[in-house]
Amino acid sequence: MLRTFLPLPLLFAATASAAPLDLPALIECRQGVAEHAALAPLLADPLKAVAHGLQPLPQGNQFMSEYRLASPITVFGEQTERVAVAGASVMAVLDQADPRPLARQLALEIGYDQDGKFMAGRELVSRDVTDPKTGEAQIESIILSVSTVASHPGKTLAGCTYSLDLPAEDEGPAAAPAGEGH
């Protein structure tokens, strides 16, 4: 099992040398794929996670990792001490039983709302980028979402998904406009 506690002097030393992590900006989709990518190696090392104020919690859902924050943060106008990470998503765990008011406030499109499950989202960024190392064309996507999950009754998950994807074979910068060639 992961060791989740550090002696106090070690925690302060680790925190003092740790680079700042702007979790509210990541959760509220105010950062980019590069800033999100910096989160993965930090979370892969429990000592680094704790140094950044993220205490790993027991995994109650096999699809996401959850962390208690050393200091509460405010996101979407709500305060929380817990965040969850699932794949390319980083989310606040909010004490809201009904996700609908927050989804309306954020002008999200409802994707699913039945059987006690709710999912809503909106793509905020979709842009063509070029990998500086390889020159490969990619699509940067940033999606804001609000949802519920059965493993967290009475809670709302709200956050952001950051991804870099390859264009479809018939898309991309070199593709001919519709109606031409191929």
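In strand E6, the residue that bridges to Glu109 is Gly121. This pairing comes from a predicted model, and it is one of the contacts between two neighbouring strands at the end of a sheet. Five bridges in total join E5 to E6, and the two strands run antiparallel. Another of the pairs sets Asp113 against Phe118 of E6.

E5 covers residues 109-114, and E6 covers residues 117-130. The two form a hairpin with two residues between the strands. One residue to look at here is Asp115, which is found in the loop between E5 and E6. Its phi is positive, at about 55 degrees, although Asp115 is not a glycine. Is Asp115 buried or exposed? At 74% relative accessibility, Asp115 counts as exposed, since the cut-off for that class is over 50%. The strand before the turn is open as well: none of the six residues of E5 is buried, so E5 lies largely in the open.

The whole chain gives the setting for this hairpin. There are six helices and eight strands in the chain. Read from the N terminus, the elements begin with five α elements, followed by four β elements, one more α element and a final four β elements. Of the 182 residues in the chain, 37% are buried.

How are the eight strands arranged in the sheet? They form an open sheet in the order E1-E2-E3-E4-E8-E7-E6-E5, with antiparallel pairing. E1 (54-56) and E5 stand at the edges and have a single partner strand each, so one side of each is left without a neighbour in the sheet. From one strand to the next, the twist averages 25 degrees. Strands of a sheet pair through backbone hydrogen bonds, in either a parallel or an antiparallel sense.

Moving inward along the sheet order leads to E4, where the picture of burial is another one. E4 comprises residues 89-94, and six of its six residues are buried, which leaves the strand mostly covered. Both faces of E4 are covered. On one side lie Ser89, Met91 and Val93, and on the other lie Val90, Ala92 and Leu94, all of them buried.

E4 has a pairing on each of its two flanks in the sheet order, with E3 and with E8. Four bridges join E3 (residues 78-86) to E4, and these strands run antiparallel. Ala86 stands opposite Ser89 of E4. The two strands form a hairpin with two residues between them, and Gly87 in the turn has a positive phi of about 60 degrees. On the other flank, E4 and E8 (residues 156-165) pair in the antiparallel sense over six bridges. Here Val90 stands opposite Cys160 in E8.

Another positive phi occurs in the loop between E2 (65-75) and E3, where Phe76 lies. Phe76 is a residue other than glycine, and its phi is near 55 degrees. With a relative accessibility of 9%, Phe76 counts as buried, because the limit for that class is under 20%. The exposed Asp115 also has a positive phi of about 55 degrees.

Some of these strands also contribute to a pocket. Rolling a probe the size of a water molecule over the atoms shows where empty space is left. The largest pocket has a volume of about 270 Å³. Which residues are closest to its centre? Of the 15 residues in the lining, these are Met91, Lys117, Met119, Ser147 and Leu157. The elements that give two or more residues to the lining are E4, E6, E7 (137-147) and E8. By class, the lining has nine nonpolar, five polar and one charged residues. Met91, which is close to the centre of this pocket, is among the buried residues of E4.

A last stop is Ser141, which is found in E7. Its relative accessibility is 6%, so Ser141 counts as buried. The side chain of Ser141 makes a polar contact with the side chain of Glu123, at 2.7 Å. E7, the strand that holds Ser141, stands between E8 and E6 in the order of the sheet, and beyond E6 comes E5, the edge strand with a single partner.

Definitions and conventions
Residues are numbered from 1 along each chain as its sequence is written. This is a predicted model: local features need pLDDT of at least 70, side-chain atom pairs count only at pLDDT 80 or more; totals for chains, interfaces and linings use all residues. Side-chain values use heavy atoms; hydrogens and water are left out. Buried means under 20% relative accessible area, exposed over 50%, partly exposed in between (1.4 Å probe, protein chains only). Two strands pair if DSSP finds at least two bridges between them. Axes are lines fitted to C-alpha atoms, for helices over the stretch in contact, and angles run from 0 to 180 degrees between N-to-C directions. On a 1 Å grid over the protein atoms alone, a cavity is a set of points where a 1.4 Å probe fits but cannot get out, and a pocket is an open set with protein on both sides within 12 Å along at least five of seven lines; lining residues have an atom within 4 Å of a point. Grid points are joined across faces, edges and corners, and a volume is the space filled by probe spheres set on the points. Ala, Val, Leu, Ile, Met, Phe, Trp, Tyr, Cys and Pro count as nonpolar, Asp, Glu, Lys and Arg as charged, and the others, Gly among them, as polar. A polar contact is a pair of N or O atoms within 3.5 Å; within protein, one must be able to donate a hydrogen and the other to accept it, and residues adjacent in sequence count only if both atoms are side-chain atoms.
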